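Biologist: I should like to take a close look at a single part of this model, with its surroundings explained step by step.

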Amino acid sequence: MATGSATAHGQARRAANSKAVAAAARAGFVARGVIYVLVGVLSLRIAFSGGGEQADRGGAIAEIAQKPFGTALLWLLGIALAGMALWRLSEAAFGQAGPDGEKPGKRAMAAGRCVFYGFVTYSVLSYAAGDKGSGSGSSDQNSQDVTAKALDWPGGQWIVAVAGAAVTAAGLWIAVRALLRKFEKHLKTAEMSRRTRQVVAFFGVFGGTARGIVFATAGGFAIAAALQHKPGKAKGMDNTLRTFADTPAGPWLLALIAVGLIAFGVFSWANARWRDV
């Protein structure tokens, strides 16, 4: 019985490490890059023209839908994101690539990412299937609705505050890891030329830092909503990005963050090519 169980486990692990799962992961990185590049472009429009588009995942989905063959492109995007969810699921079940990839903490993080990308996949595919209210909804309204419900729970203020602190901590963690170039240990740098390594490192540092700043700022707004018991203080990605334009730096800070998000999208495409999966 034990032998049969071990054999099944070994077969499952080989499946998780198969070329098919690796291809799914790389497709997922391409899809993630598309979303971040589009969010960055939408943010640039807002910075310099005050555009009314949503600078978030919903806005990116709506932007794709308006293009020729937009529905087909959304189906491809959703399927690619499903590949990312599948890869994260395999990491949660069998560990990541690398010497410390089987640590419980890393597997738990992979499980969380699997759930996240599963939700994103569902929203994109639902939109492609005709549910226009799915995926393209305002991240700001969703954040405020969720915050309002949570604040009505017993101990709701503490729950929202802790969640906001967790998002802020995650954003700072993302930014610091990017600045320290921790991402390089996951890349096949030996297969890159010196110039390519420099370019990929630049996009990784700049893009990862900008992404982390956005997350940390959004978490700060959630904390403010909890402390003031005002759901309207919570902000999704769109309003969080617009807030950067209201600083003394004006639209230029938002433009810098927007270019950083585009850089992270390009870095995601580099991961599709050189990530060790």
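Which residues does Leu81 touch, not counting residues up to four places away in sequence? Please set the answer in the context of the chain.

Modeller: The model is predicted. Leaving aside residues up to four places away in sequence, Leu81 touches Gly28, Ala31, Arg32, Ile35, Tyr117, Val120, Thr121 and Val124. To place these contacts, it helps to begin with the chain as a whole.

The chain has ten helices and zero strands, and its pattern along the sequence is accordingly written α-α-α-α-α-α-α-α-α-α. Of its 277 residues, 43% are buried. Among the contacts with a separation of 6 or more, 74% are between residues 24 or more positions apart. The accessible surface of the chain comes to about 13800 Å², and carbon and sulfur atoms hold 66% of that area.

Leu81 belongs to the largest nonpolar core, which has 43 residues. Leu81 is listed there with Leu74, Leu77, Val124, Val200, Leu241 and Leu261 as the residues with the most contacts inside this core. At least two residues of the core are supplied by each of the following: helix H2 (19-49), helix H3 (57-65), helix H4 (70-94), helix H5 (104-128), helix H8 (194-228), helix H9 (237-244) and helix H10 (251-274). The largest share, eleven residues, comes from H2. Apart from this core lies another, of five residues, including Ala150, Leu151, Val160 and Ala226. As a general principle, nonpolar side chains in soluble globular proteins tend to be buried together.

Helix H2 deserves a closer look. Two of its residues, Ala27 and Ile46, can be compared by their exposure. Ala27 counts as partly exposed because its relative accessibility is 30%, whereas Ile46 counts as buried because its relative accessibility is 10%; the limit for buried is under 20%. Each can also be paired with a residue from the list of those with the most contacts inside the largest core. Ala27 and Leu77 are 50 residues apart along the chain, and their C-alpha atoms are separated by 8.7 Å. Ile46 and Leu241 are 195 residues apart in sequence, with 9.2 Å between their C-alpha atoms.

Leu241 appears again in the surroundings of Val214, a residue of helix H8. Val214 is buried because its relative accessible area is 3%. Neighbours within four places in sequence aside, Val214 is in contact with Met237, Thr240, Leu241, Phe244, Ile257 and Leu261. One of these, Met237, is 23 residues from Val214 in sequence, and the two are 7.4 Å apart from C-alpha to C-alpha.

Phe244 leads on to Leu253, since Leu253 touches Phe244 and Thr247 when residues up to four places away in sequence are not counted. Leu253 is found in helix H10 and counts as partly exposed because its relative accessibility is 27%. Leu253 and Ala47 are 206 residues apart in sequence but 8.6 Å apart in space, C-alpha to C-alpha.

There is also some enclosed space to consider. Rolling a probe the size of a water molecule over the atoms shows where empty space is left. In this model the count comes to one cavity of 30 Å³ or more, and the largest cavity has a volume of about 40 Å³. Its lining is formed by Phe183, Glu184, Leu187, Thr189, Met192, Arg197, Val200 and Ala201. By class, these are five nonpolar, one polar and two charged residues. Val200 therefore links two parts of this description: Val200 lines the largest cavity and is listed among the residues with the most contacts inside the largest nonpolar core.

Finally, two loop residues have a backbone feature to note. Most residues other than glycine have a negative phi. Phe69, in the loop between H3 and H4, has a positive phi, near 60 degrees. Arg181, in the loop between helix H7 (156-179) and H8, likewise has a positive phi near 60 degrees. Their exposure is described by separate terms: Phe69 is exposed because its relative accessible area is 71%, while Arg181 is partly exposed because its relative accessible area is 39%. The limit for exposed is over 50%.

Technical notes: Residues are numbered from 1 along each chain as its sequence is written. This is a predicted model: local features need pLDDT of at least 70, side-chain atom pairs count only at pLDDT 80 or more; totals for chains, interfaces and linings use all residues. Side-chain values use heavy atoms; hydrogens and water are left out. Helices (H or I, at least four residues) and strands (E, at least two) are DSSP runs, numbered from the N terminus. Buried means under 20% relative accessible area, exposed over 50%, partly exposed in between (1.4 Å probe, protein chains only). Contact means heavy atoms within 4.5 Å. Accessible areas come from the Shrake-Rupley method with a 1.4 Å probe; for residues, only the protein chains shown count as cover. A nonpolar core is a set of buried Ala, Val, Leu, Ile, Met, Phe, Trp, Tyr and Cys residues joined through side-chain atoms within 4.5 Å. On a 1 Å grid over the protein atoms alone, a cavity is a set of points where a 1.4 Å probe fits but cannot get out, and a pocket is an open set with protein on both sides within 12 Å along at least five of seven lines; lining residues have an atom within 4 Å of a point. Grid points are joined across faces, edges and corners, and a volume is the space filled by probe spheres set on the points. Ala, Val, Leu, Ile, Met, Phe, Trp, Tyr, Cys and Pro count as nonpolar, Asp, Glu, Lys and Arg as charged, and the others, Gly among them, as polar.
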